[in-house]
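Visitor: Please take a single part of this model for a close look, and set it within the protein as a whole. I should like one connected account.

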Amino acid sequence: MNADIHETIVAPSTPPGRSALAVIRLSGSEARRILGSLSADIDGVLEARSPRLVTLLDVDEEPLDNALITYFPGPRSYTGEDVIEISCHGSPVVTQRIIEGCLAQGARLAEPGEFTLRAFLNGKMDLTQAEAVRDLIESQTAFQAQVAREQMEGMLSKVLQPARRELIEIASHLETALEFVEDDVTPETRAQLSTRLTKVRDQLCDLEASYEAGRIIHDGLTVVFAGKPNSGKSSIFNELLEHERAIVTDVPGTTRDPLREAMDLRGVPVLFVDTAGIRESAESVERVGIARSLEHVSEADLVLFVLDESQEYSDEDEFIWRKVQSKPCLAVRNKIDLPSRLQLPEQVQMGCLESISVSALLGENLDQLVERIVKHGLPAAAKEERASVTNARHKWCLEQARCWLERAEKALAGGLSEEFVVHDLRKGLESLAQITGETTTDDILAGIFASFCIGK
Ligand SMILES: Nc1nc2c(ncn2[C@@H]2O[C@H](COP(=O)(O)OP(=O)(O)OP(=O)(O)O)[C@@H](O)[C@H]2O)c(=O)[nH]1
Ligand SMILES: [Mg+2]
């Protein structure tokens, strides 16, 4: 972030390694001059947004590659500055030498996310849109990509706009009263403003609550297996992953270290965690594994409480139930291919979201299990209206804003001077402005853009 934003920057925009093509991007006021000195074909006239085939020269003026270049004059470019995109052959040697040529001509290597940072600083996008660019690049499922794309259109900023306007109006009303003493705010007006304020606060609360689903879209759903040894956790885990990831044996206590595997479950990014079977009477190594199982349970968004259909509900099962019952749980009754002896106690039936009978051995009902994991794991809001808040930073800013509005409401109701109310409202507005980046410190910006990849 200490980087000089007036310098012309260069970076590869495609990943390192060999490929058919590679793209290098140059941005800044010197971009055209630098390109001109890398090619004898460019005579000063560069048509905007029209690809052109040129021969690029290396630092010794020897032909290096034939490349397609596209010139995007600022401000109608990604960064808002003059941008040149060079599509060359995807050899690491070629890209390296083209970049060296640009550096020799005075360009500087771009820092991670610096192209997008410039786009933000030049007003081409707000901070939520810049963050969405990163999310889109990092998305691992079609659903994540779709949500990131919507955020890239500035969905959150648009949703916030009316609330911000309303707060500004309320604050201005009170400020006028402060300025002109004779314009005293009557109790009726106070009551009216208070109602309007509550409405805005409610909207912000709803948005804040949408983070519950938004977080899962962004970070994925953590689904943890818990159950007594030999109930078939690893067998189900392997079946869902469709490969023999975990060791399965008929010896109780097979799994020791928790195994974590991410997968795309019908568009939802899911992290499955297979754990050591939980039992009280375990030897020391197994006990360590069990302690870890319990740690994972505490981090789970959803617990698969695996039970053995062929055995009676035991003290061991009850011991585990007590550990998992505070979490959203699905009771998974495994081994339905064997004669049934399992009677689920009332409190387990009531406490679980649902119970599903499966056989890992025969692969029976596993589709249904997947469907239930998606159904219960992903809050309804995420599937229907696309949670507006998927980013922890936005959630934090909303929380701050809501707290300031609550204070303002109290001040208004408590008959405090308008001055206090206005102060709290302005603070609330500041918190909202941080979301879009209108008021943001360099530290915050540095933190955000450092998580981008080079060349974006
Ligand atoms: N009949 C039958 N056997 C099963 C089924 N699922 C698993 N098993 C068997 O049950 C035994 C234990 O399976 P695992 O998947 O290792 O059980 P686990 O819960 O991971 O056990 P630990 O890792 O020891 O906690 C193995 O012999 C499996 O073949 C099933 O649906 N039906
Ligand atoms: Mg196991």
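Guide: The accessible surface of this predicted model comes to about 21900 Å², and carbon and sulfur atoms contribute 51% of that area. Among the 456 residues of the protein, 50% count as buried. The charges number 48 positive and 75 negative, and the mean positions of the two sets lie 1 Å apart.

The fold comprises 17 helices and 12 strands. With a radius of gyration of 29 Å, well over the 23 Å that the globule rule gives for 456 residues, the protein is more spread out than a compact globule. The C-alpha trace spans about 85 × 80 × 35 Å along the principal axes. As for contacts with a separation of 6 or more, 68% of them join residues that are 24 or more positions apart.

The part chosen for the close look is α1, which covers residues 31–38. Its buried residues are A31, I34, L35 and L38, each with a relative accessible area under 20%. Viewed down the helix axis, the buried residues of α1 fall within an arc of 95°, so they line one face of the helix. This accords with a general rule: an α-helix has 3.6 residues a turn, so residues three or four places apart point the same way. The cover over the buried residues of α1 includes the strands β2 (19–27), β3, β4 and β5, together with the helix α2 (92–104).

The segments that follow α1 contain some backbone details of note. R49 is placed in the loop between α1 and β3 (52–57). Its phi is near 50°, a positive value in a residue other than glycine, and R49 is partly exposed, with a relative accessible area of 37%. Further along, the loop between β4 (63–72) and β5 (83–90) holds P75. The peptide bond leading from G74 into P75 is cis, its omega being near 0°. Both strands that flank this loop are among the elements covering the buried residues of α1.

Another positive phi belongs to N365, near 65°, again in a residue other than glycine. N365 lies in the loop between β12 (354–357) and α13 (366–377), and it is partly exposed, with a relative accessible area of 32%.

To return to α1: one face of the helix is lined by its buried residues, and what covers them includes both strands and a helix.

Technical notes
Residues are numbered from 1 along each chain as its sequence is written. Chains are lettered from A and ligands numbered from 1 in the order in which they are written. This is a predicted model: local features need pLDDT of at least 70, side-chain atom pairs count only at pLDDT 80 or more; totals for chains, interfaces and linings use all residues. Side-chain values use heavy atoms; hydrogens and water are left out. Helices (H or I, at least four residues) and strands (E, at least two) are DSSP runs, numbered from the N terminus. The radius of gyration is taken over C-alpha atoms; the globule rule is 2.2 Å times the number of residues to the power 0.38. Buried means under 20% relative accessible area, exposed over 50%, partly exposed in between (1.4 Å probe, protein chains only). Contact means heavy atoms within 4.5 Å. Accessible areas come from the Shrake-Rupley method with a 1.4 Å probe; for residues, only the protein chains shown count as cover. Lys and Arg count as positive and Asp and Glu as negative; His and the chain ends are not counted. The place of a charge is taken as NZ of Lys, CZ of Arg, CG of Asp or CD of Glu. The arc is that of the directions from the helix axis to the C-beta atoms.
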